[in-house]
Amino acid sequence: MSNRHHLAVARQQVAEYLTRVTAYSVPGCNPHCNQLIQWRGRLVPLWGGEQQKTQQQETQTQHAHVLVVSYADEAPALLALSLQEAPQPVQVRDEDQCLPSPEQEQYWRQAILGCFQHREQPVPVIGFARLGAITAHTTV
């Protein structure tokens, strides 16, 4: 898949949008989620951080745009997303529904809750609680 993964996050799952964030590498982890950030006194895994690295040996990297999402009802689970640009709110109507591209289906697998058309592009809505099943089956 290209370096740009368009995705949607439900507004109620957004905990905070951050700029200029330092992330710390965790060796031996899934390449899609191999860094941590500090957020409000907690360590939060960073999804997509590998795209921002300039060298494999770096232990710290800078991320211009990070979105922290909370996705569990009972005990909040947190995940940070490294973004290429600031997130934008989008209004979605029923008639905007569509199917994700085969590439998106391959990348996100069963984490896609739905999909809508935005600027002539399919945008999957991701269920972050389902990512555990995906990362557990990803080959490192």
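Start by selecting Gln-13 and everything it touches: leaving aside residues up to four places away in sequence, its contacts are Val-68, Val-69, Ser-70, Tyr-71, Ile-126 and Phe-128. Keep in mind as you click around that this is a predicted model. Gln-13 sits in the segment before strand S1, which covers residues 14-25. Is Gln-13 buried or exposed? Its relative accessible area is 17%, under the 20% cut-off, so Gln-13 counts as buried. Now draw a distance between the C-alpha atoms of Gln-13 and Val-69: you should get 5.3 Å, although 56 residues separate the two along the chain.

Next, zoom out and switch to a cartoon view. You'll find two helices and seven strands. Reading from the N terminus, the order is β-β-β-β-β-α-β-β-α.

Colour strands S1 to S5 and turn the model around. Five strands form a closed barrel in the order S1-S2-S3-S5-S4, and the pairing is mixed. On average, neighbouring strands of this sheet are turned by 45° against each other, ignoring direction.

Now walk through some of the strand pairs.

- Select S1 and S4. They run antiparallel and are joined by nine bridges. For a spot to look at, pick Ala-23, whose bridge partner in S4 is Thr-61.
- Move on to S4 and S5. This pair is antiparallel too, with six bridges. Here, Val-66 stands opposite Ser-82 in S5.
- Then take S2 (residues 35-39) and S3 (residues 42-47), an antiparallel pair with five bridges. Click Trp-39 and you'll see its bridge partner in S3, Arg-42.

What holds such strands side by side? In general, strands of a sheet pair through backbone hydrogen bonds, parallel or antiparallel.

Time to look at the side chains. Show Trp-47, Leu-79, Leu-81, Trp-108, Phe-128 and Leu-131 as sticks: within the largest nonpolar core, which has 13 residues, these touch the most other members. Which elements supply at least two residues each to this core? Strand S4 (60-70), strand S5 (78-83) and helix H1 (102-108) do. Phe-128 should look familiar, as it was one of the contacts of Gln-13.

Apart from that core lies another one, made of 11 residues. To find it, select Val-21, Leu-46, Val-66 and Leu-78, which are among its members. You've met Val-66 already, opposite Ser-82.

Put a surface on the whole chain for the next stop. About 8900 Å² is exposed, and carbon and sulfur atoms supply 48% of that. Of the 140 residues in the chain, 34% count as buried. As for how the chain folds back on itself, take the contacts between residues at least 6 apart in sequence: 51% of them join residues at least 24 apart.

Finish by colouring by confidence. The mean pLDDT of the chain is 84, with 82% of residues at 70 or more. Where does the pLDDT fall below 50? Select residues 133-140 to see that stretch, which has 13 contacts in the model beyond near neighbours in sequence.

Note on methods: Residues numbered from 1 in each chain as written. Predicted model: local features only at pLDDT ≥ 70, side-chain atom pairs only at ≥ 80, totals over all residues. Heavy atoms only, no water. Core = buried A, V, L, I, M, F, W, Y, C linked by side-chain atoms within 4.5 Å. Buried < 20%, exposed > 50% of the residue type's maximum accessible area, 1.4 Å probe, protein only. Helix = DSSP H or I, 4+ residues; strand = E, 2+ residues; numbered from the N terminus. pLDDT = per-residue confidence, 0-100. Contact = heavy atoms within 4.5 Å. Areas by Shrake-Rupley, 256 points an atom, 1.4 Å probe, with all protein chains shown as cover. Pairing = 2+ DSSP bridges. Axes fitted to C-alpha atoms, helices over the stretch in contact; angles between N-to-C directions.
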